[in-house]
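Me: I'm new to this one. Could you pick a single part, take a close look at it, and then show me how it sits in the rest?

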Amino acid sequence: MRDGLENNHALVLPPLYAIIDFSNFAAEPDPISAIVQFAERLMEAGAKLIQLRDKSEPAEPRRLLSCARELRRITLDRAMLIINDRIDLCLATDADGVHLGQEDLSPAAARRIFDQAIFDRNKNEQRQIIGFSTHNLDQLREADSLPVDYIAIGPVFATANKRKPDPVVGLAGVREARELTRKPLVAIGGITRQSCASVIEAGADAVAVISDLVRDPGKSVEEFLSILG
Ligand code: 3NM
């Protein structure tokens, strides 16, 4: 689903950016089925953007490929699908985009790969999304000049879902980030139903969430969306 992005037009992000972290399902007898069920709950409740993230060590690309394929199958025409870190898996599964961190492939290289892939398939009408993580205002300023479709800033609040998280930027960091870019801004890190309104008020276009969706995804998404509109 690429409704949010048309050629040469700015990306319009839905206000809730749901992230599925493989580690939250790794202990299930069939993690991929559990993830598919979880994604169904998210979408039934109205989620329109899902990111698949897997920081397992060692990496298991075959498993992640299967998972991404299943998610693409069920998200098609229902939600945008973004793959964290892995542009190869994004292309292999025809996902809508990739989210890159500061240590990943550069956004410029990712854009070249996407452009080449689109050229090869003669699919000029479609353009994949590149998102990029930033953790301070210097990184954000730089990201504003890169070929990225949205910029994430975080962690806004303390989070347990990131190894070696950067220092929290707080709501003040989101406000300053908003001043520095007109690109869509995704706030991430420790955001809950309780805090999401303040994050949007500070200038974020969307909130990205892992933990506060896990326990009861349907109810959480409904509550997030009723707050965020
Ligand atoms: N990236 P939760 S914080 C994946 O600061 C991720 O870039 C962050 O999980 C960043 O919603 C984070 O459970 C974890 O806090 C988000």
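Reply: Let's start wide: 52% of the 229 residues in the protein chain are buried, where buried means under 20% relative accessible area, exposed means over 50%, and partly exposed is in between (1.4 Å probe, protein chains only). One heads-up: this is a predicted model, so local features need pLDDT of at least 70 and side-chain atom pairs count only at pLDDT 80 or more, while totals for chains, interfaces and linings use all residues. Residues are numbered from 1 along each chain as its sequence is written, and side-chain values use heavy atoms, with hydrogens and water left out.

The chain has nine helices and eight strands; these are DSSP runs numbered from the N terminus, with helices (H or I) of at least four residues and strands (E) of at least two. Its radius of gyration, taken over C-alpha atoms, is 16 Å, close to the 17 Å from the globule rule (2.2 Å times the number of residues to the power 0.38), so the chain is as compact as a globular protein of that length. The C-alpha trace spans about 40 × 40 × 35 Å along its principal axes. A contact means heavy atoms within 4.5 Å, and of the contacts with a separation of 6 or more, 62% join residues 24 or more positions apart.

Now for the part I'd zoom in on: strand S6 (150-153) and the loop after it, which leads to helix H6 (170-180). Tyr-150 sits in strand S6 and is paired with Tyr-17 in strand S1 (residues 16-21), 133 residues apart. Their pairing is edge-to-face, at 5.7 Å centre to centre with 70° between the planes. (Rings of Phe, Tyr and Trp, using the six-membered ring for Trp, pair if their centres lie within 6.5 Å; planes under 30 degrees apart count as stacked, over 60 as edge-to-face and the rest as tilted.) Both Tyr-17 and Tyr-150 are buried.

Strand S5 (residues 129-134) reaches this stretch too, through Thr-134. Leaving aside residues up to four places away in sequence, the contacts of Thr-134 include Ile-151, Ala-152, Ile-153 and Gly-154. Its other partners are Gln-102, Gln-139, Leu-140 and Ala-143. With a relative accessible area of 1%, Thr-134 is buried.

Right there the backbone does something to look out for. Most residues other than glycine have a negative phi, and most peptide bonds are trans. Yet the bond from Gly-154 to Pro-155 is cis, with omega near 0°, and Pro-155 lies in the loop between S6 and H6. Lys-164 belongs to that loop as well; it is no glycine, but its phi is positive, about 45°. Lys-164 counts as exposed, at 79% relative accessibility.

Elsewhere you can find related features. The peptide bond from Glu-57 to Pro-58 is cis, with omega near -5°, and Pro-58 sits in the loop between strand S2 (49-53) and helix H2 (61-75). Asp-94 has a positive phi near 60°, and its place is the loop between helix H3 (87-93) and strand S4 (97-100). At 28% relative accessible area, Asp-94 is partly exposed.
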